[in-house]
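Reader: I am new to this structure. Please take a close look at one part of it, the turn at the edge of a sheet, and then show me how that part fits with the rest.

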Amino acid sequence: MAFFPAPGYMPVYNPTLPYHQPVPGGLHPGMSVYVQGKVPKHTKRFRVNFASGQHEGADIPFHFNPRFDGKDRTVLNTFQCGRWGNEELHKMPFRKGEHFEIIFVVNDVGYQVLVDRNPFCSYGHRLPPQSVQVVSADGDLELESLTVMGGSTMGNMMMTSPAVYHPPVPYTGDIPGGLASKRTITIRGFIPKNASRFEIDLMADQNIVLHINPHMKPRRYVVRNSCLNGSWGAEENNLLFNPFQFGQYFEISICCDSHKFKVYTNSRHLFNFAHRYAIIGHICTMNIQGDVTLSYIKY
C-alpha cells in the first residue's frame with residue numbers, strides 16, 4: 001500500500017529542547033520511535049517521555065530517564081493520575097561526549113528498547129500505548145532527530161509495515177507489494193570514518209532502475225544512474241552539496257511519483273531522477289552495499 005508519512009510523523013533534525021513530537025492516533029503494537037543524539041560532557045540527566053499530552057500533570061505511560069549522578073543509572077517509570085509508580089532501574093548504556101541511537105519498539109506487552117544496536121531493556125505497559133499522544137525529549141541532551149515510525153490503523157490492522165532495524169550489509173530486501181506512485185522508502189544509516197563509497201539500487205528483475213552511489217573519497221560526489229538490459233545509461237553527478245559525511249548519521253528518503261524519483265537527505269531535497277523504466281510496479285527489490293552501517297529501513 002502506498003505510504004507518505006503523516007505530517008506529525010515527519011522527522012525534525014536538530015530541534016531545540018524541550019521537543020514534542022505529536023503522535024496522531026496514539027501508539028500501537030508494530031510502531032516504533034527512533035531517537036538519535038549526543039550526550040554532552042556536562043550532562044546530569046535527560047528524559048524521553050511517552051505522554052498523553054503536553055499539559056502539566058498529563059499522564060506519562062512511559063518515562064525513560066538516564067541519570068548521571070554518581071550512580072549512573074537509567075530510571076523507567078509511569079506517571080498516572082498525578083502520582084509516580086514504582087521505579088524500574090537499569091544500567092547506564094550511554095557515555096558522556098558520545099553519539100547514540102535509541103529505538104523504542106511497541107509490542108503487545110510493552111516497550112522493547114535498543115541502544116546502539118544492542119537490546120537494552122523492556123518495560124511492560126502500565127497504561128495502553130494508544131493513550132500516548134506525544135513523545136517528548138528534554139534535559140541535558142543534544143537531540144539530532146526523533147522520529148515516530150508506523151502509520152495509522154484501521155481497526156486492529158496496521159496500515160504500514162514495521163521498520164527493518166539494523167539489517168546487515170550487503171542488504172537485499174523485497175519492497176512489499178512493489179513500488180508505486182506516492183510511495184516513500186526511508187533509509188537511516190551511518191558513514192564510517194574510513195568509508196570510500198556505498199550504493200543503493202532499486203531493482204526490477206535484473207534491471208537497476210535507480211542507482212544512488214555516494215562517493216566520499218578521493219572526491220566527494222553522488223552518482224545517479226540506471227542499468228537497463230545490461231547497459232548503463234547517462235550518469236548524473238552534478239549536485240550543489242554532498243550530505244554524506246564521515247562519522248555521521250544520515251537519512252535518505254526516496255519518494256516515487258508517476259514521472260520521477262524525488263530524493264531527500266535529512267529532510268532536505270537532494271535531487272530528482274526521471275524514470276527511465278516505464279513499469280514502476282515491477283520495482284520489487286532494493287540492494288544496499290558498500291561502506292555503510294544501516295540503522296533502519298522503512299518501506
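Author: Start with a cut-off. A residue counts as buried under 20% relative accessible area, as exposed over 50%, and as partly exposed in between. Now take Ser267. Its relative accessible area is 44%, so Ser267 is partly exposed. One caution belongs here: the model is predicted.

Where is Ser267? It lies in the loop between strand S24 (260-265) and strand S25 (268-274). Its backbone stands out too. Ser267 has a positive phi of about 70°, although it is not a glycine.

Now widen the view to the sheet around that loop. Both S24 and S25 belong to an open sheet of 6 strands. The order is S16-S27-S18-S23-S24-S25, and the pairing is antiparallel. Which strands stand at the edges? They are S16 and S25. Each has a single partner strand, so one side of each is left without a neighbour in the sheet. The loop of Ser267 therefore leads into an edge strand, S25.

Further inside the order, S18 meets strand S23 (residues 249-256). These two pair in the antiparallel sense over 8 bridges. Arg183 stands opposite Cys256 in S23. Strands of a sheet pair through backbone hydrogen bonds, either parallel or antiparallel.

Just before S18 comes a second residue with an unusual backbone angle. Lys182 is found in the loop between S17 and strand S18 (183-190). Lys182 is not a glycine either, yet it has a positive phi of about 70°. Is Lys182 buried or exposed? At 54% relative accessibility, over the 50% cut-off, Lys182 counts as exposed.

S16 begins the sheet order at the other edge. Follow the chain from there. Pro170 sits in the loop between strand S16 (164-165) and S17. The peptide bond from Val169 to Pro170 is cis, with omega near 5°. A cis bond also turns up towards the start of the chain. It runs from Leu17 to Pro18, with omega near -5°. Pro18 lies in the loop between strand S1 (12-13) and strand S2 (19-22).

The loop of Pro170 leads to S17, and S17 belongs to another open sheet. Here 6 strands run in the order S17-S26-S19-S20-S21-S22, with antiparallel pairing. Strand S17 (171-174) and strand S22 (231-232) stand at the edges. Each has a single partner strand, so one side of each lacks a neighbour in the sheet.

Look at a pair within this sheet. Strand S19 (residues 198-204) and strand S20 (residues 207-215) pair in the antiparallel sense over 5 bridges. Ala204 stands opposite Asn207 in S20. His211 has its place in S20 as well. At 6% relative accessibility, under the 20% cut-off, His211 counts as buried. What does His211 touch? Leaving out residues up to four places away in sequence, it touches Glu199, Ile200, Asp201, Val223, Arg224, Asn225 and Trp232. Ile200 is 11 residues from His211 along the chain, and their C-alpha atoms are separated by 5.9 Å.

Strand S3 (residues 32-38) is another place to look. There, 6 of the 7 residues are buried, so S3 is largely enclosed by the rest of the structure. S3 has partners. It pairs with strand S9 (residues 99-106) in the antiparallel sense over 7 bridges, and Val33 stands opposite Phe104 in S9. S3 also pairs with strand S13 (residues 142-149), again antiparallel over 7 bridges. On that side, Ser32 stands opposite Met149 in S13.

Last, step back to the whole protein. It has 0 helices and 27 strands. Its radius of gyration is 20 Å, close to the 19 Å that the globule rule gives for 299 residues, so the protein is as compact as a globular protein of that length. The C-alpha atoms fill a box of roughly 65 × 45 × 30 Å along the principal axes. Buried residues make up 51% of the 299 residues. Of the contacts with a separation of 6 or more, 63% link residues 24 or more positions apart.

What of the surface? The protein exposes about 13,900 Å², and carbon and sulfur atoms supply 50% of it. There are 28 positive and 23 negative side chains. The centres of the two sets lie 4 Å apart.

Notes. Residues are numbered from 1 along each chain as its sequence is written. This is a predicted model: local features need pLDDT of at least 70, side-chain atom pairs count only at pLDDT 80 or more; totals for chains, interfaces and linings use all residues. Side-chain values use heavy atoms; hydrogens and water are left out. Two strands pair if DSSP finds at least two bridges between them. Helices (H or I, at least four residues) and strands (E, at least two) are DSSP runs, numbered from the N terminus. The radius of gyration is taken over C-alpha atoms; the globule rule is 2.2 Å times the number of residues to the power 0.38. Buried means under 20% relative accessible area, exposed over 50%, partly exposed in between (1.4 Å probe, protein chains only). Contact means heavy atoms within 4.5 Å. Accessible areas come from the Shrake-Rupley method with a 1.4 Å probe; for residues, only the protein chains shown count as cover. Lys and Arg count as positive and Asp and Glu as negative; His and the chain ends are not counted. The place of a charge is taken as NZ of Lys, CZ of Arg, CG of Asp or CD of Glu.
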